[in-house]
Every structure is written in C-alpha cells, then in structure tokens.
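User: Could you take a close look at one part of this structure for me? I would like to hear about the open parallel sheet and what packs on it, and then about the aromatic rings elsewhere.

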Amino acid sequence: MLLTLVHNITLLIALSVIWGPILTLRKNYPNTYRVFSGLLFGLSAIAAMSTPLVFEEGIIYDGRSVVIALSGLYGGGVASLIASLIAGSYRIILGGPGVYAGVASVIVSALSGLVVRRIFKNEPTTIPLYGIVLFAVITHVLVLLCQLLLPWPRGITVIATIGIQYLIVLSSGLCAIALIFKTIENRTLALQNLQASADLLHDVLSVNPSVVFSMDPSTKTITWISPNVEVVLGYKQDDIINTPLNTYIHKDDVLFYDKMFEEPGDNNFISVECRIITLYQTVVWGDIKIRVIRDEKGKIAALFGSISDITQRKKVEHELKESEERYRTIFKNSKAVMLIIDPDTGDIVDANEAAVEFYGWSRKELQSMQIQQINTLTPEEIKARMEEARACKRVYFEFKHRRKDGNIRDVDVYSSAITIKGKQYLFSIIHDVTAKRQAEEALKKSEELFRLIFQNAPMGIYAFDENGVITACNDNFVKIIGSFREALIGLNTLKLPDERVVDAVNKCLQGIQSEYNGWYKSVTADKITPARALFSPLIVENKIVGGLAIVEDMTYQLEAEAQKEKLEEQLRQAQKLEAIGRLVGGIAHDFNNILSIISGYAELIKIKIEKDNPIYSDLEEISNATKRSAEIVRQLLTFSRQQKVNPIRVNPNYIIMSNEKMLAAMVGENVKVQLELADDVYDIWIDTTTFVQILTNLASNSRDAIKDVGNIKIITKNRYLDEEFCTMHPGCKPGDYAMIQFIDDGSGMDKETLERLFEPFFTTKEVGKGTGLGLSTVYGIVKQFNGFINVYSEPGKGTVVNIFFPKYVEQLPEVQLSGHVRDNGRTEDRGIGISKNKILVVEDDLIILDMIKKMLLLLDQEVDAFSDPLEMLQVAENYKNNIDILITDIVMPQMNGIELFNRLKLIIPDMKVIFISGYSDDSYRELMNDSKPSVFLQKPFTIDDLRDALLKLDQSSEQ
C-alpha cells in the first residue's frame, strides 16, 4: 500500500516539471497561463487516480489531493476551478461507494490551497517552510475527515487502517512538490525579471540621447557602444567598435580631446566639449564624459564613457550670450527706470542710466544702497512686497520713492523674479506717475464734488441717455416723484403718458434747452406733484449723448405763496387794529377832556346848591353818566394799550381756579365750565384784574354763542413757539409761553366775522345787547403784556381762542409814581388837611383850565392859570421860589407837561407837580420816572380826586 502512494507521488513530481514552461506564459499571456495550468493540474490528478491504492471495490486513494491543493496555491482561482472540475468529473466516472468522499476531498483540497494563497496575498513564493508543512498536514487531515462520507462504518475503518500512512506520505509529497513549485516559480520569475531588465536597458539605451561606450585604456579604441549611436551620429555599432574615438573628432578639436587623457583628475572623471563629424559629414557638438576604472594597483583597468549631443545647447548658449549682450544694452540705454534688486537683503545690484537721472544718485551710489533707502514703506512691508514678487504672486505695486533731493514721487513698479548665475533677483521697472496721481486725485475730488452736488442738490436731478432712458437720479428726485430708485432707473421718459414731458425731452435731445411746468402724475407711484423741470442736453465731442433734468418741487412754493397771502392778510389785519387802536386812543383822550368838563362843572354846580334842590338829582345822573362813559373810555384805552395796570408775577391756574365759581355763575346752569389745567404751567407777568376781565369777556361771548346747552373748556399748558410759527403769526416772538385755551361748542363764526373780531364797537349781538368792546378789550390786554392771541372758528363747530403769555423770567421794573391817586381813603370834608398852596395851572383846553381853576379856588388855593406852556415859560422868572405846585396837562401842542415841569424845576427846585391826561400813566412812566414828588390824575376827575392829589403831595412833603 505504501509503495503505491509513493509511486503516485513520484509520478506527480515528474509531471510537475511540465509546469515550468507553462509558468513562463503568465506574464505575457495570463489567461492562457490560467487555462493551461488548470488542464495540467486536472490531467495530473487523473494520472494520479489511474494508479490508485484500492482499499475496497469503489474506494480508492491517490495523490489527487496533492495536485488539487497545489492548483489552488500556485495556479489561483481559475486554474483551481478547472482542475477541480476535471478531477471531480473523473472521480464521478470511476463511481463506487467512495464517490462522495472522493469529490469532497477534491473540493477541500482546492479550498485549502486558495485560502493559504489569499493569506499570503497571492504571493505563494513568500510562504516559509513551516507554513508549507502546516498547509500539507491540515489539507490531508481535512481529506481524511471527508472519508466519514463513506457508508458507515467504512470511513472509520479507512482512517484507522491507512490514516497515519496516508497522512505522512501525502503530506510529505505535498511539501516536496510545493517546494519544487516554489523553486521553479522563483527561478522563472528571476529569469523573467532579468530579461525585463535587459529589455529595459536596451530600450533606455535606444532612446537615450547620450551614447554610452566602453574603451580600451591602452589603445583608446571603442570596445562596445550603445545602439543609439546610429541615431545620434549615424554610424552603426559595428562601424565604430575597435576604432579610436578621435577618428570622428573634428580636426580642430582633436588636440583638446587627446589632452583630456593626460590628467584624469582626482575623481577619475574627465570630460571635454568638442565637435564630432557624423556619418553624413555634418558637425555636431558633443559633450564627452569618461569614467576611469582602476585596478588594485591604481592602474587604469577600463574606461567607460558617454557622448551627449549638445549642439542645441551650444546654439542656445550662443544665442543667450547675444541676448544677454542685447538686453544689457537695452537695460543700460532704456529710458525707463530699471533696477535689479537682491530680494534677500534689498541691495540694489544694478541700475540703469534712467534710474541715475530719476533718483539723482550716481550708478555707483545706487549700487551701494538698499531699496529701503528709497521706498517710503517700513522695512517689514518692503520685505513682504519683495517676497510677493519673488513668488510671482504679484508683479505690480504702487509705491512712493524718495529721491536724492528729498522729493517724494509716486511710482508704479512692475517687478518680476529673474535668475542670474543661479541666484534669484528682482527686476523692477519704475514709472514716475506723480503727475498722473495728482491728476487722478484732482479728478477724484472733482467726481466726488460732482457726486456730492448731484446727491445733495436741493432740487431733484436725473440724467437720461440718447433714447430718453433714465440712467441716474438723486434722492431728491426720488422724493419729489414719490417713488423709489429701482423703479426710476431704466424708465423711458419718451414713453411717458404726459406729452408735455415727452415734448420737453425730445427738444432736449435735439440740442434745445426746454422746460416743463405743471402738475405731474407719477407713473411709478400714486402721487401728483406740482413740478418745474429744466432740460439741458449733454454734448460730448459735438454729439448729443443724453440730457440732464433739474426738477423743482413747486409744492412748497405754492404753499409759501398761499402762506404769504395769509400773512399779508394777517399783517393788514394787525395794521388795521393798530391804526384803530391809535385812533381809539386819540378819541378816548379827547373824550376824556369832554367828560372832564361835564363831570367837573357838574361837581361845581353840586357844590353851589343844596342836596334838597330839585336839580341836585339831575346833576347826580350827569355824574353817573360821565362815570359810565369813563368806563367805556377805559375799555377803549385798554384796547389801545393805554390803560393803567398793576402787573405782578402770577400763575394763570391760580386766577382761573379762583374765579371758577364766578364764571360758572355768569354762564348759567345750561353751560358747563370744565378746567384742564397743567400742573407745570409757567408763571406769567400780568395785571390780575385785566386777566379776570379776559376770562369774563370770553365766557360772556361763549355763553351768547351757545344757544341752549353746551360746554366751555378752559385749558392751560406750556408751549414753545418757534421761528416758523412766529413767521406765520405776525406780532409773535419765539420763546416759551403759557397757553390759555378757551373752547366752546357754540354756533361758531364765519370768515368775515373772524376778520373783524377785534375791532372796537363791532358786534354780532342785537342792538342794545353789546358794546362790541369785549374782544377788543381782550386783544388790548394781551398785546399790552406782550402776548399773542389767535382764534379758530367755523360756523356750527364752536370756537377755540388761544392766548399765549410769555413765561415769567424775572420781575419787570415797575415805576412807583409818588402820589398815585386811589379811590379809597377819601375825606368828605374837602377843606380839611389841605395846606394853602400857590398853584400854577397849565392846560391848553380853556374850558378845562377854567374848571380846574374854579375847583382849586373852592379848595381855598391860590391859582395862576395859563393855556400856553411857552407863554408861561416867558414869565417863569416872576414865579421864582413863589410856586408850590404845578398842575399841567401832559399832552399839549407846543410842549408836553413833563418837559415843562423839568424846565420850571430849574427855576423853582422845590416845586411839586400834578400831571393830568386823558391817557393812563403807563404811557408816561419812563418820562415821569424822575419827576418827583409827583401825582398823576387821569381825566375825567372830580374835585374830590383833585383834593386827594393835593393831600397826597402834602403828605409826601411831610415825609
């Protein structure tokens, strides 16, 4: 049995020799190699199964497991598959009870070989010996286990009977054949690699531009030369071998060639550049390099060399030399400033004549300088810029360069890296662009100025091209149109629905300045604007390229014109009221004179008769009538701001709240008075009595305007009136004001009534129900205290009266006239307490003069009377130190009473004075300020008033 298995293994070893030639196909014919390998292993398996060990009928054992395992290990997947199919098929043909075990052993052997091949990454020649042993043993252990597929218990019998011998013989055989295969494959691979190297060397030498050769050291003849000599020189290998190389050297260069061998040098390397004659009798430049090989004794044993065709290089070198000379001339004589700079240090290596002329230093000085001495940047910045130029990241720079005279110039620098003798430098061309920069800066400023003018012009501006399409516009134009820029840019103005605009644009594009004026309806926004536009053509090189439009929003102008008309109307109204005021003041003065005569003579008559006289009551009625008339005159004087007042600092809320009940009672139960008073309202400077008069007059008018049930609202608040408000309301000055607002929901007023509202004696009430002096009095009071009043009203919508009084800042000066006449403290006895005085009376009205004289005589005074102040002055010396009191009218034709008193004071220093006038003393405060001691009497006055004035002067003398 053992001999049968050994014979089987021997047969397989003999057959494995055939695998060597097949292996040579693997490199160039891989698919053929795989098929032939599979067939070889498959047929070897059949050969093994042809001489089997027959254990029983149909149960055989042979070396097919060795063959199939090797097919997987060395043949690979395809070869293993083919071999397994052949061996398995043949085993099935043999039949018998061992078919399943036999086919299984084929499969297991193939898989075992493939697994090991994969483990060693398809490189079976790298498997170590122990690996092969383990592979052989494991493979046949698995094959023995396949015997368990035999009918039971034959498998156990087989394993027990021949298992050990089978395992030893076939495992040993597998190891031996695997080693043989490994050796064959290594040898085949080595031969293939050697042949590949030889082929590669041949290919390299064939395409190498250098001819390689070996030379006899004694005869200097060529012993071997590379095949590419035919390509380089035209000669065949056989033509050159065994001939001296100098045979092919140009006769003029033979000496240089022969001299090369005289001194090989320390490194045993010699070379020469010379001309070589080709087969075609042409000349090429060759670079001959020879390596000297010495023996142990130092003698030359061999010479190996190469010949390189350097004809092209020589040509390039010649051209380069010419080019360098040419460019040296260009560099030197160029009008452009040129520098060569060492980027490592910044040293100026070279500079041309233009650089010398531009910088002012000599060429030698420049070559001793660094670029850092010229460039105004910091050394770090200069280094960074040079690195950028060296790396070709940037070739253009804008610098400022310093010249020898200290002048700084703007320059454009074009810099690039160049290599000179193996070292890298920077070649820079410098352009002086100072004038260009200045022009650019001027242009930039001009453009910026134009842009600022364009954008910030107080009018709208837009530009359009030759087709009428808007190309640019400023913010004011966008605002005027009421649109947005994106909608306007690109808008074709020749296609607008407004034909007037289209006509103006067409004229402009024809070179004619044109104008548009009217209400423009925007097509890009829902807005209609009164606008005026001026169109002017834009002409470049005698060609119209578009136009420019300047647009003015006429809204403000129209509003201003309307406001101007309104202000003119207000001014006319104010002037009208001022004129009426002056007229009323003059009338009141004259009326006071008349009332003085009436009341004075009535008083004189009453003195002369008893109270039980029937006409005494008539005289009382006359006196009462004069008092009522005097009250009307005071109202007229209030309107004309000539009424005597006593202003103080007061808060308007205090006065309003103090009189709330009085106002409520006055307007009646059907009208409700509401107060909305601001806690922080400013204090004002006013006479409290006149302020109450304002409230009562306004409340009375509101009550009359409310037909049935209604409301009156009084509001106080602080307001600042600015320049714009004051411009629209003549008579008002900018500043802080306390505003008193009087609102009613009465019948209101029409425009005609509002225009005449403050005129004296104008009334809308029925005859006998009003004097028409109420609102004129209010107007006079407000103006007297530097305030401002305006009224808003519409028929059926009530009335709003706004009164503004200036915020109190400091107490206004108040002239305290000595001896002001008061109504209180009178003495019924007209003669008691009055000293007898020498009194001089001057009054231009003879009737009043006579009345005063009679009153003084009744008061037991000594009197001299004059109707002309100039006449009186002519005889003034006669009264020197003989006059105690002067009684004079203030307003007289030739000279006012105050001036008369001052002139008499020079003659009669101790003289006192009583001033009389139909106007209030407020009109003369400043004039009377130095006239002391003095008393003021306002016409009309009674004998009691005159007595009190005399008593006042007496009391001032005692003090």
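Analyst: Happy to help; here is the sheet, followed by the rings and one loop residue. Please keep in mind that this is a predicted model.

Let's start with the sheet. Five strands make it up, and the sheet is open, with the order 26-25-27-28-29 and parallel pairing. In general, strands of a sheet pair through backbone hydrogen bonds, either parallel or antiparallel. The edges here are strand 26 (862-866) and strand 29 (934-938). Each of these two has a single partner strand, so one side of each is left without a neighbour in the sheet. From one strand to the next, the twist averages 20°.

Within that order, you can follow one pairing down to the residues. Strand 27 (residues 885-889) and strand 28 (residues 912-917) run parallel and are joined by 5 bridges. Leu886 gives an example of the pairing, with Val913 as its bridge partner in strand 28.

Now for what packs on the sheet. Helix 28 (residues 846-858) lies across strand 25 (838-842), strand 26, strand 27 and strand 28. Its direction is about 175° to that of strand 26.

On to the aromatic rings. The structure holds 18 aromatic pairs. One of them is formed by Phe725 and Phe804, whose ring centres are 6.0 Å apart. Their planes stand at 65°, over the 60-degree limit, so the pair is edge-to-face. This contact links distant parts of the chain, since Phe725 belongs to helix 25 (residues 723-728) and Phe804 to strand 24 (residues 799-806), 79 residues apart. Both partners are below the 20% cut-off for burial: Phe725 has a relative accessible area of 16%, and Phe804 has 2%.

Elsewhere, Tyr462, Phe464, Phe477 and Phe535 form one aromatic cluster. Rings also meet charges in this model. Lys220 places its charged end over the ring of Phe261, 5.3 Å from the ring centre. In the case of Lys423, the charged end sits over the ring of Tyr425, at 5.6 Å from the centre.

Finally, the loop residue. Thr125 is found in the loop between helix 6 (99-119) and helix 7 (129-145). With a relative accessible area of 13%, Thr125 is buried. Leaving aside residues up to four places away in sequence, Thr125 touches Lys182, Glu185 and Asn186.

Note on methods: Residues are numbered from 1 along each chain as its sequence is written. This is a predicted model: local features need pLDDT of at least 70, side-chain atom pairs count only at pLDDT 80 or more; totals for chains, interfaces and linings use all residues. Side-chain values use heavy atoms; hydrogens and water are left out. Rings of Phe, Tyr and Trp (its six-membered ring) pair if their centres lie within 6.5 Å; planes under 30 degrees apart count as stacked, over 60 as edge-to-face and the rest as tilted. Helices (H or I, at least four residues) and strands (E, at least two) are DSSP runs, numbered from the N terminus. Buried means under 20% relative accessible area, exposed over 50%, partly exposed in between (1.4 Å probe, protein chains only). A charge sits over a ring if NZ of Lys or CZ of Arg is within 6 Å of the ring centre and within 35 degrees of the ring normal. Two strands pair if DSSP finds at least two bridges between them. Axes are lines fitted to C-alpha atoms, for helices over the stretch in contact, and angles run from 0 to 180 degrees between N-to-C directions. Contact means heavy atoms within 4.5 Å.
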